Amino acid sequence: MEPLFSLADIVFGYKSGQPVLNGVDLTLTPGERVALTGPNGSGKTTLLHLLVGLIRPQSGVVRAFGRERKTEADFRDVRLRAGLLFEDSDNQLFCATVAEDVAFGPFNLGWARERVADAVTAALKRLDIAHCRDRSPNELSHGEKRLAALATILAMEPAALLLDEPTNGLDDSHRETLVRTLRETECALLIASHDRTFLDKLACRNLHLESGRFKQR
Amino acid sequence: MSWPTPTASRSGTLLKPDPRALILAVAAWTVLLVLTPAPRALAFGLAAALLLAKALGASWSLLARRCLALNGFLALLFPLMAVESFALSAWPWRLSPERTLLFAAVALRANGILLMAQGLVAAMDLATLGHALVHLRCPPKLAHLMLFSARYLTILQEEWTALYRAARLRGFRMKWGPHTWRTLGALVGGLVLRSLDRAEQILLAMKCRGYQGQFHVLRHFRFSRADIVFGLTWAAVTGMVLVLTYG
């Protein structure tokens, strides 16, 4: 099966100092679940951002959905097919109501209004936050925000979900909803997290980042 | 500080008319009252605005607070407008009857417009107002600026509170002196940096969901019975003002 993503020998460093990623290879095949672990600052978020082209590597090859991606234009459709969940949900929920926020992506995919409305309803229901539909993100609890942010990308029916610390600030019931939803989905999952028990529940293949490379554990 | 939220739903007897109609009604109302010279028409307008605001679910306390602010300002203007010659040498001041009448008309007009705007538009939540403005062909950039402000001012406020609290927990107290200035400078600087960072992250998040410069609006307003009820009421009130003026 052709991988959704493959990274080859990626090197990336911020302005000064040591490169954060120093020769990283990675493949993500359809439906696969991969856990991305590693200490703080080991480059987990950086790696997720590289996959959807929010930053570009200094060297190495990013392939996604069957071809090499280099320019901003290359990455545009990658972002529509792989949903990235940001670490801070407040940055992901920028519309006046949750429903508008969930509708934002599907509208940009060019879907018709009825299809968008159905996708919004379905995504909110799937994550048990239908009651938040017409509320402002300002009024949501931390956990509800997290699930709403996930709903915004699930509604776009992506082939892969790239999740940055998805369990941050979730209480038990929201956590359960999250685990259930991720188990049900057929998307490939790449999950950057410190949360061992959560990762175990999803039975992921583990990739451990340390000093800029993947280490065997 | 708290911001009106999209769920601050109205539960007046006229029930939710189309927000666009409300905005247009307030605009027309403002023009009408400004052009109305007759005090009795203005007095009727004021009473009607009050009742309409009430029927659309505005609370007495809110209306009173808004009116207090306006009338406090008008009270300052009173001597300037209604006294025959407003100078210290002319003490004791004498009221001029015509000018007092003019002042009364201004006061009625201002209160009438304020109450109508308060009842019809100000009680609207920002999300609805923003969408109504987009549908009324207001430049989308302005409408979105308003919506983004509504969303992120609260967060900026929270971040400021967190920074300031952190400083206070380490014994910072506002005084007059270089230490205070430096600390406040650092706090404000921190807030600006965080905001810039957040703005960047928000743009990335928008890009990730395919943003290409266009905002689509999910909600569309539909013509409903509430619009007919509101339209008829408003037409009756407007007609009455005209009759009292020219009749």
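Mentor: One term before we start: a residue counts as buried under 20% relative accessible area, as exposed over 50%, and as partly exposed in between. Keep in mind too that this is a predicted model.

Trainee: Got it. Is A:Asp128 buried, exposed or partly exposed?

Mentor: Its relative accessible area is 45%. Buried needs a value under 20% and exposed one over 50%, so a value in between belongs to the middle class. That makes A:Asp128 partly exposed.

Trainee: Which residue does A:Asp128 form a salt bridge with?

Mentor: Look for the pair whose closest N and O atoms are 2.9 Å apart. The partner counts as partly exposed, at 32% relative accessibility. The salt bridge of A:Asp128 is with A:Arg180.

Trainee: And how many residues apart in sequence are the parts that this pair ties together?

Mentor: Start with the salt bridge between A:Asp128 and A:Arg180. A:Asp128 sits in the loop between H5 and H6 of chain A, while A:Arg180 belongs to helix H7 of chain A, so the parts tied together are apart in sequence by 52 residues.

Trainee: What about A:Arg205? Which residue does it meet in a salt bridge?

Mentor: A:Arg205 itself counts as partly exposed, at 34% relative accessibility. Its partner is buried, with a relative accessible area of 18%. With the closest N and O atoms 2.7 Å apart, A:Arg205 pairs with A:Glu32.

Trainee: How far apart in sequence are the parts that A:Arg205 and A:Glu32 tie together?

Mentor: Recall that A:Arg205 and A:Glu32 form a salt bridge. A:Arg205 is in strand E9 (residues 205-210) of chain A, and A:Glu32 is in the loop between strand E2 (21-28) and strand E3 (33-37) of that chain, so the pair links parts whose separation in sequence is 173 residues.

Trainee: Let's try chain B. In the salt bridge between B:Asp18 and B:Arg20, what is the N to O distance?

Mentor: B:Asp18 is buried, at 11% relative accessible area, whereas B:Arg20 counts as partly exposed, at 23%. Their side chains meet with an N to O distance of 2.6 Å.

Trainee: How many salt bridges turn up over all chains?

Mentor: Side chains of opposite charge can pair when their charged atoms come close. Searching the whole structure for salt bridges gives a count of 20.

Trainee: Which residue of chain B is linked in a network of salt bridges with A:Arg56, A:Glu72 and A:Arg79?

Mentor: Follow A:Glu72 across to chain B, where its salt bridge has closest N and O atoms 3.8 Å apart. Between chain A and chain B, the salt bridges number four. The chain B member of the network is B:Lys207.

Trainee: How big is the area buried between chain A and chain B?

Mentor: The contact takes 39 residues from chain A and 31 residues from chain B. Carbon and sulfur atoms give 58% of the buried area, which is about 2900 Å².

Trainee: Which helix gives the most to the side of chain A that touches chain B?

Mentor: Eleven residue pairs are in polar contact between the two chains. Elements giving two or more residues to the chain A side include helix H2 (72-81), helix H4 (98-108) and helix H5 (113-126) of chain A. With eight residues, the top contributor is H4(A).

Trainee: Where in chain B does B:Leu218 lie?

Mentor: B:Leu218 is buried, with a relative accessible area of 14%. Setting aside neighbours within four places in sequence, B:Leu218 is in contact with residues of chain A, among them A:Ala99, A:Phe107 and A:Val116. Its place is the loop between helix H7 (178-208) and helix H8 (225-246) of chain B.

Trainee: At which residue is helix H3 of chain B kinked?

Mentor: This helix covers residues 60-82, and its buried residues include B:Leu62, B:Cys67 and B:Leu74. The kink is about 35° and comes shortly before the proline B:Pro79, at B:Leu76.

Trainee: Last one: which backbone oxygen does the side chain of A:Thr181 reach?

Mentor: A:Thr181 lies in helix H7 (residues 172-184) of chain A. It has a relative accessible area of 1%, so A:Thr181 is buried. At 2.6 Å, its side chain reaches the backbone oxygen of A:Thr177.

Conventions: Residues numbered from 1 in each chain as written. Chains lettered and ligands numbered in written order. Predicted model: local features only at pLDDT ≥ 70, side-chain atom pairs only at ≥ 80, totals over all residues. Heavy atoms only, no water. Contact = heavy atoms within 4.5 Å. Buried area = accessible area lost by both parts, 1.4 Å probe. Polar contact = N/O pair within 3.5 Å; in protein donor to acceptor, adjacent residues only side chain to side chain. Helix = DSSP H or I, 4+ residues; strand = E, 2+ residues; numbered from the N terminus. Bend = angle between axes of the 7 residues up to and from the residue. Buried < 20%, exposed > 50% of the residue type's maximum accessible area, 1.4 Å probe, protein only.
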